[in-house]
Every structure is written in structure tokens, then in C-alpha cells.
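Work through the following exercises with the sequence and the structure side by side. Try each task before reading its solution.

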Amino acid sequence: MQTQRILIIEDEKPIADLLAYGLKQEGFIAYQAQSGADGLELCREVQPDLLLLDWMLPDCSGTDLCRMITQEYNIPIIMLTARSHIEDKVHGLEAGADDYITKPFDLREVLVRIRTILRRVNRAAVSNGDWISCGDLRISATEMTVMRGQTPIDLTPREFQ
Ligand code: CA
């Protein structure tokens, strides 16, 4: 399996450095961005396997960025938040985040959560040639087709995307 790339978008350098250090120790490649704009650009460039996204960034909110990225890419996102209010967690998950972690965090817990999400994603995408299977759904990007069992599902190109 190729080395998995994790993008950290976090303006607090010590936190980003700690995460990057832990990820490298675990054999991941870690990329860092300190702002939403840089993060988005780096995301396009490196196409990470997973995103660690801070809630509060200097130039935008993490939830807005989360929404933008999930519209464009299918990348699992873990939100990092200093807040512990339940509404904030709900907003993060509504914006498309797969999980959230409250700061201060335990590095080992972050790494376990990353591994869990990546394992889930890999299991869902057991690819069969060009076809990707998930439960009884099969998807072909080249044929722009989605099948449930033997039945094709009618989708517009936008819905397919
Ligand atoms: Ca921050």
C-alpha cells in the first residue's frame, strides 16, 4: 500500500508540528498549511487521503472550508476544535466532517481515529477493476454508472458527481 498523505490545516504552529511529528512516526506523509487559502491550494496539489482541519483559521472558518472541500473532493475530514459545545460539533458534522477532536487532544487518540477512518474508507472502496464497490452499490467513474445489485440507478451527471 502506498504511503498515505495527511494534510493538516491549522494556524497554531505548535499543534500542527505535534500532529505532523506523530503522523511521520506512524509512517504517514504530513503536509501543513496555516490558513484556509493555503490549505485549499495544498489540498488541490497533493490530493491528501485525509484532512485534519482546525475550526478557527485566520482567513476563514474551518466549517466553511470543510463544506467547500467536501463539495469538490471525497476526502475524509477530521475537525479540530477548541470548543466543546455540542452545537459546534453538530455544525462540523453537518458541514461534512467525518469526525471531530476537541483540543487539547491526546496524540495517540488522534492517530487511532485517523487509522479507523482510513480503514473504513479503504474497506468501502474495494475496487474491482474500474468499479468501486460499497455494500451492494457499485460505481464506475469511466462509465458514469451506479448499480445497486444488477439494477442501474438513474442519475444526472451532477448527481453522479
Ligand atoms: Ca486556530
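## Exercise 1: A charged surface patch

Task: Find which residues gather in a patch of negative charge on the surface, and then decide whether Glu41 is buried or exposed.

Solution: Begin with the surface of the model, where Asp11, Asp38, Glu41, Glu45 and Asp59 come together in a patch of negative charge. Keep in mind throughout that this model is predicted. Next, take one member of the patch and place it in the fold: Glu41 belongs to helix H2, which covers residues 36–46. Finally, compare its accessibility with the cut-off, which calls a residue exposed when its relative accessible area is over 50%; Glu41 reaches 51% and therefore counts as exposed.

## Exercise 2: Another residue of helix H2

Task: Determine whether Gly39 is buried or exposed, and state how far its C-alpha atom is from that of Leu51.

Solution: First locate Gly39, which is found in helix H2. Its relative accessible area is 0%, so Gly39 is buried. Then turn to the distance: Gly39 and Leu51 are 12 residues apart along the chain, and their C-alpha atoms are separated by 9.6 Å.

## Exercise 3: A salt bridge between distant parts of the chain

Task: State how many salt bridges a search of the whole structure finds, and then explain which parts the pair Glu26 and Arg115 ties together.

Solution: The search of the whole structure gives 11 salt bridges. One pair to examine is Glu26 with Arg115, whose closest N and O atoms are 3.4 Å apart, and this satisfies the requirement that the nitrogen be within 4 Å of a carboxyl oxygen. Because Glu26 sits in the loop between helix H1 (13–25) and strand S2 (29–33), while Arg115 sits in helix H5 (residues 107–124), the pair ties together parts that are 89 residues apart in sequence. As a last step, consider accessibility: Glu26 is partly exposed at 38%, and Arg115 is partly exposed at 33%.

## Exercise 4: A salt bridge within one helix

Task: Work out why Arg67 and Asp64 are separated by about one helical turn, and find the C-alpha distance from Arg67 to Glu94.

Solution: The side chains of Arg67 and Asp64 meet in a salt bridge with an N to O distance of 3.6 Å. Both residues lie in helix H3 (residues 62–72), and because they are three residues apart there, about one helical turn separates them. Arg67 is partly exposed, with a relative accessible area of 38%, and Asp64 is likewise partly exposed, at 40%. For the second part, move to helix H4 (residues 86–94), where Glu94 is found; this residue is exposed, with a relative accessible area of 60%. Although Glu94 and Arg67 are 27 residues apart along the chain, their C-alpha atoms are separated by 8.8 Å.

## Exercise 5: Asp54, a salt bridge and a calcium ion

Task: Identify the residue with which Asp54 meets in a salt bridge, and list the protein donors of the calcium ion.

Solution: Start with the salt bridge, in which the side chains of Asp54 and Lys103 meet at 3.0 Å, N to O. Asp54 lies in strand S3 (residues 50–54) and Lys103 in the loop between strand S5 (99–102) and H5, so this pair ties together parts that are 49 residues apart in sequence. Both Asp54 and Lys103 are buried, with Asp54 having a relative accessible area of 2%. Now widen the view: Glu10, Glu12, Asp54 and Lys103 are linked in a network of salt bridges. The calcium ion comes next, and its protein donors are Asp11 (OD), Asp54 (OD) and Met56 (O), which lie 2.1 to 2.3 Å from the ion. Along the chain, these donors follow the spacing D-x42-D-x1-M.

## Exercise 6: Details of the backbone

Task: Find which peptide bond from Lys103 is cis, and describe the phi of Gln47.

Solution: The peptide bond that runs from Lys103 to Pro104 is cis, with omega near 0°, and Pro104 lies in the loop between S5 and H5. Turning to Gln47, which is placed in the loop between H2 and S3, we find a positive phi of about 45° although Gln47 is not a glycine. Gln47 is partly exposed, with a relative accessible area of 40%.

Methods. Residues are numbered from 1 along each chain as its sequence is written. This is a predicted model: local features need pLDDT of at least 70, side-chain atom pairs count only at pLDDT 80 or more; totals for chains, interfaces and linings use all residues. Side-chain values use heavy atoms; hydrogens and water are left out. Patches are made of residues with over 30% relative accessible area and no salt bridge: like charges are joined within 9 Å, nonpolar side chains (Val, Leu, Ile, Met, Phe, Trp, Tyr) within 5 Å. Accessible areas come from the Shrake-Rupley method with a 1.4 Å probe; for residues, only the protein chains shown count as cover. Lys and Arg count as positive and Asp and Glu as negative; His and the chain ends are not counted. The place of a charge is taken as NZ of Lys, CZ of Arg, CG of Asp or CD of Glu. Helices (H or I, at least four residues) and strands (E, at least two) are DSSP runs, numbered from the N terminus. Buried means under 20% relative accessible area, exposed over 50%, partly exposed in between (1.4 Å probe, protein chains only). Donors are N, O and S atoms within 2.8 Å of the metal (3.2 Å for Na, K and Ca); water is not among the atoms, so sites may look incomplete.
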